[in-house]
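Me: I should like to go through a structure by question and answer, with each reply reasoned through to a name or a value. The sequence and coordinates follow.

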Amino acid sequence: MLAKWRTTQTSQPFINTASHRRQLQLAVQTALPATVHILARNFARSSASSYWLLMLDQPAPQAARFLTLRLADHPLWLTNHDQLALTWQAGDFLALQQTLHNHLTAANLTHYSYALTPTDLITLRLLLHLEQHQLIWLVQLSPVIAKAYKNQQLDLYTDFPHTKLLLGDMNNSRLQLIPVNQPGFQARLGQLFGRNLLFSQFTSHRLLRLLPTNQWIRPLLQVLPPTPNLEQHLATTYGTDFVRIYVEAMHQQAHVSQLN
């Protein structure tokens, strides 16, 4: 859903300051139903965009459910994402509060919320594990999407699965780019990207770097069950060849670090 509204109230220009971020957080907190809590949030550095990871109270023994809320003054460039995306007249906190209240209905909470599966959890833990070894995932975009930057939408259902998936150095995209062909894993990455559990950075050669949103993933993993025998679960889910590739990449990365 992409909701828009207009207001006749006088609003102040949104300047990304600590004061305005506090007002934004207060507007969101005030609009939330009593059964919904903010687990994590992050603010764009140079715009009025913000992302909120919400946790919905569930009666035991139901699995915890989460919702990604995006508030921005421009549409999201991703399509088929798992987010409740709302545009707002930046600076009009009262209108934002009312619109959030109108949209965070029981029906919308059910529709846009998601539970994280065991496969989601092992994938998130792998992302953090690789990051500790200075490794991240990248995809090579089509020339049309790459050239347009974010003015050309990226469909996570139809475009993302057909990109070339690469495992590479977190700090230098020209080093150790390893092609990886694992459609199931790539589809899972796209889904996590669409939930803002990964954020993107454009780089050269049509590459899009996908970095773990640590300030979201770590709080999530703290409230979800542990995953013992992670490597065994990854091998069962994605295959032994997949595990071999990333293990060898970690060893190579360690070797490079020693040389430096």
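Me: In this predicted model, which residue of S6 stands opposite Leu-71?
Reply: The model is a predicted one. S4 covers residues 65–72 and is joined to strand S6 (residues 84–87) by four bridges, the two running parallel. One opposed pair is Leu-69 with Leu-84 in S6. For Leu-71, the residue opposite in S6 is Leu-86.

Me: Which residues of S6 are buried on each of its faces?
Reply: In a regular strand the side chains alternate between the two faces of the sheet. Both faces of S6 are covered. On one side the buried residues are Leu-84 and Leu-86, and on the other they are Ala-85 and Thr-87.

Me: How many of the eight residues of S4 are buried?
Reply: Strand S4 pairs in parallel with S6, and antiparallel with strand S3 (residues 50–56) through seven bridges. In that antiparallel pairing, Tyr-51 has Arg-70 of S4 as its bridge partner. S4 is mostly covered, and the number of its residues that are buried is seven.

Me: How many residues lie between S2 and S3 in their hairpin?
Reply: S2 and S3 are antiparallel, with seven bridges between them. Within this pairing, Ala-40 has Leu-53 of S3 as its bridge partner. The two strands form a hairpin, and the number of residues between them is six.

Me: What covers the buried residues of H7?
Reply: Helix H7 spans residues 214–223, and its buried residues are Asn-214, Trp-216, Ile-217, Pro-219, Leu-220 and Leu-221. The elements that cover them include both strands and a helix: strand S2 (36–43), S3, S4, S12 and H4.

Me: Why is H4 described as largely enclosed by the rest of the structure?
Reply: Helix H4 runs over residues 118–132 and reaches 21 Å from its first C-alpha to its last, close to the 21 Å expected at 1.5 Å a residue. Its buried residues include Thr-119, Asp-120, Arg-125 and Glu-131, together with leucines such as Leu-121 and Leu-130. The helix is largely enclosed because the buried share of its 15 residues is 12.

Me: Which residue just after H4 takes a positive phi?
Reply: H4 ends at residue 132, and the residue in question follows just after the helix. Its phi is about 65°, and the residue is Gln-134.

Me: Which strands are the edges of the open five-stranded sheet?
Reply: The sheet has antiparallel pairing and the order S10-S9-S7-S12-S11. An edge strand here pairs on one side only, which applies to strand S10 (178–179) and strand S11 (198–202). The edges are S10 and S11.

Me: What angle does the direction of H4 make with that of S7?
Reply: H4 packs on the sheet and touches strand S7 (135–140), S9, S11 and strand S12 (207–212). The angle between the directions of H4 and S7 is about 110°.

Me: Which residue of S10 is the bridge partner of Leu-166?
Reply: Strand S9 (residues 164–169) pairs with S10 in the antiparallel sense over two bridges. The residue sought lies in strand S10 and touches Lys-164 and Leu-165 as well as Leu-166. The bridge partner of Leu-166 is Pro-179.

Me: How far apart in space are Pro-179 and Pro-228?
Reply: The two prolines are 49 residues apart in sequence. Taken from C-alpha to C-alpha, their separation in space is 28 Å.

Me: Is the ring pair of Trp-88 and Phe-93 stacked, edge-to-face or tilted?
Reply: A search of the whole structure finds 11 aromatic pairs. The ring centres of Trp-88 and Phe-93 are 5.6 Å apart, and both residues are buried. Their planes stand at 50°, so the pair is tilted.

Me: What is the arrangement of the rings of Phe-242 and Tyr-246?
Reply: Both residues lie in helix H9 (residues 240–259), four residues apart, about one turn of the helix, and both are buried. They belong to one aromatic cluster with Trp-137, Phe-185 and Tyr-238. The ring centres are 5.9 Å apart and the planes are at 70°, so the arrangement is edge-to-face.

Me: Which residue lies over the face of Tyr-114?
Reply: The residue is placed at 4.1 Å from the ring centre of Tyr-114. The residue over this face is Arg-195.

Terms used. Residues numbered from 1 in each chain as written. Predicted model: local features only at pLDDT ≥ 70, side-chain atom pairs only at ≥ 80, totals over all residues. Heavy atoms only, no water. Expected span 1.5 Å × (residues − 1). Buried < 20%, exposed > 50% of the residue type's maximum accessible area, 1.4 Å probe, protein only. Phe/Tyr/Trp six-rings, centres within 6.5 Å; stacked < 30°, edge-to-face > 60°. Lys NZ or Arg CZ within 6 Å of the ring centre and 35° of its normal. Pairing = 2+ DSSP bridges. Contact = heavy atoms within 4.5 Å. Axes fitted to C-alpha atoms, helices over the stretch in contact; angles between N-to-C directions. Lists of a residue's contacts leave out its neighbours within four places in sequence.
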